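Let's take a walk through this structure together. Have the sequence and the 3D view ready, and follow along at your own pace.

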Amino acid sequence: MTKEEFSGADQQESISSSEDLTTIAPQPQNFIERALKPAIYIPRYPQWMVGKPLLWATCFFGSLGDALFGYDQGIMSGLLVNEVFIKRFYIDHGGLDGTTEGINPNLIGITVSCLQLSAAIGSLTAGYLGDIMGRKRCVRVGGFIYFAMAFLQGFAPNLACFIAGRTIQGLGVGFLSMTVPVIQTEIAAPHRRGLMVGVEYTFLIGGYMLSCWVDYGFNFFLPKDTSWQGPYFVQMGLAFILFSMSFFLPETPRWLARNGFKKEALQTVADLHSDGNTNDEGVQHVFMEIQQAVKYEATMGKVTYREMFTKYRKRTLVGITAQMFAQLNGINVISFYLPSSLAAAGFDNRRSLLFTGANALIYTAATVPVWWLADRWGRRPLLIFGGIVMAVALSIMCVFNQANGLSVTTRANGIFSFVVIYNALYGATWGPMPWLLPAEIFPLRARSKGMALATFSNWTFNFIIGMSSPAAFDGIHGYYYVIIAGFCLFSVGLAKFYYVETANHTLEEIAVAFGDKAFLMEDEQVMASADLTRRPSVKAGGV
């Protein structure tokens, strides 16, 4: 045994001894915790899934949750150019002719944005419940709400009922959008966390793409009600699959460890990453860090929202601002209103839906390189590059929108071309990174609340954008794109001078990058013993 190996073994033995001597005092529980926190945990996945099949099935489970709220982002854009939908729900509000031209823009804004407002509330609720009843149960609740409200919207008799269903569905979307990134980051190996969240974001945009093509396909059923109800039937099917999967896939090992299921946590790490071998060196290293972090955080008690803005202030501001600029940088100005904008620029309704679907294909494809770039290039370089080039694309969109003397075809094609460029850039940079950062920068005790605050920020500004954009386009037309370009440039400065690079660190080690203590023992001792860069699995590029 070399001197280095002897030193590592000595550190491992010292830490193990500390674990044996350290006891965690049980935390007092309130009524909700006593009612909802599980007393036992029984894994229900079949043995043949253990290993990579289980890891990727769990990744797919979380990603499907993202696909659902991506689908919901796109479904309304197609319905706003569906004559039957508009006549059915807006006949008393200026929509008798089957177009939105005579409808108050604020009413359109309410119909689109009611989901975003309730999603903000749902994300805060899930942030509290996620620590109590577990990550996958939060997804189950979100999936059920989503399914039930898709049914209500699909058969709504009037606009009030439709808006009520969409508003309540937002609670489910909030549950999913808060919980899914946490699941992905807590099951992923440190060198593959960007990959896992990249896959998740591709599913999110894939859900949006699916809704665009479903809207286009069912548009051929005009003038039947199936033309607008069909997209909700597809939505119900996806939600049912998600709800069903929540009954047999595993809980995250970090939630299990934090809630007293130590043996189950170790076995889950092994089942996800080493074909069930709990003695695997890599599994033991990861589990040691999880245990040390859990023990240290237990000495500090439960985190409060006040503590999020004091002890974890920088992390909270990074999470909130990342999600805030994910919206202020303009993506949902495009997603919500692209068919309407193309129709206004000169395309007919069906052609505008077709071009929206084509744009969504490119948008989805642009998210794939992030699977590797997020971990190889890092988070901050992608954000800086994306913000600069998106600002340029938005400015050119303004020129095509406002320039005099352009033919209808030139104007429409010019706007569409730079919408495609903008969406591709966003999909590779400011799309996935704001979902990855908040899920990985918070310590375990604060992860649910931190992700809840970040997601609340996302949905709040999503609501503001969705609500204000119709009136903004009506008032200042294409110059609205210049305002959004300004937000893009501001976000570049924030990423450059304030954000912290997190690529290739374990979730527990990221605390040290923020200047905090992470483990019960000395941080350097624990990280030296768990030295991830020397693991055979990392060197070989394994998961």
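What follows is a tour of a pocket, a helix, the cysteines and the salt bridges.

Please keep in mind throughout that this is a predicted model.

Let's begin with empty space. Rolling a probe the size of a water molecule over the atoms shows where such space is left. Here the largest pocket has a volume of about 880 Å³, and 26 residues line it. If you would like to find its centre, look for Thr-100, Ser-340, Ser-341, Ala-344 and Phe-473, which lie nearest to that point. Four helices each give two or more residues to the lining of this pocket: H5 (105–133), H15 (331–345), H19 (408–428) and H21 (444–476). The largest share, six residues, comes from H15. Sorted by class, the lining holds 14 nonpolar, nine polar and three charged residues.

Next, move along to helix H22, which covers residues 480–497. Its 18 residues should span 26 Å at 1.5 Å a residue, and the end C-alpha atoms are 27 Å apart, so the model agrees with the expected span. Several positions in H22 are buried, among them Tyr-480, Tyr-481, Ile-484, Ala-485 and Cys-488. Further along H22, Ser-491, Val-492, Leu-494 and Ala-495 are buried too.

Cys-488 brings us to the cysteines. Its relative accessibility is 0%, so Cys-488 counts as buried. Cys-398 is also buried, because its relative accessible area of 6% is under the 20% cut-off. How many disulfides does the structure have? The count comes to zero.

Now for charged pairs. Side chains of opposite charge can pair when their charged atoms come close. A search of the whole structure finds seven salt bridges. One of them joins Asp-225 to Arg-88, with the closest N and O atoms 3.7 Å apart. Asp-225 sits in the loop between helices H8 (193–218) and H9 (226–245), while Arg-88 belongs to helix H4 (residues 83–90), so this pair ties together parts that are 137 residues apart in sequence. Both partners are partly exposed: Asp-225 has a relative accessible area of 34%, and Arg-88 is at 31%.

Are the partners in the next pair, Asp-375 and Arg-379, buried or exposed? Asp-375 is buried at 9% relative accessible area, and Arg-379 is buried at 0%. Their side chains meet in a salt bridge at 3.0 Å, N to O.

Asp-131 and Arg-135 form another salt bridge, at 3.2 Å from N to O. Asp-131 is buried at 9%, and Arg-135 is buried at 2%. Salt bridges with shared partners join Asp-131, Arg-135, Glu-186 and Arg-447 into one network.

Definitions and conventions:
Residues are numbered from 1 along each chain as its sequence is written. This is a predicted model: local features need pLDDT of at least 70, side-chain atom pairs count only at pLDDT 80 or more; totals for chains, interfaces and linings use all residues. Side-chain values use heavy atoms; hydrogens and water are left out. On a 1 Å grid over the protein atoms alone, a cavity is a set of points where a 1.4 Å probe fits but cannot get out, and a pocket is an open set with protein on both sides within 12 Å along at least five of seven lines; lining residues have an atom within 4 Å of a point. Grid points are joined across faces, edges and corners, and a volume is the space filled by probe spheres set on the points. Ala, Val, Leu, Ile, Met, Phe, Trp, Tyr, Cys and Pro count as nonpolar, Asp, Glu, Lys and Arg as charged, and the others, Gly among them, as polar. A disulfide is a pair of cysteine sulfur atoms within 2.5 Å. Buried means under 20% relative accessible area, exposed over 50%, partly exposed in between (1.4 Å probe, protein chains only). The expected span of a helix is 1.5 Å times one less than its number of residues. A salt bridge is a side-chain nitrogen of Lys or Arg within 4 Å of a carboxyl oxygen of Asp or Glu.
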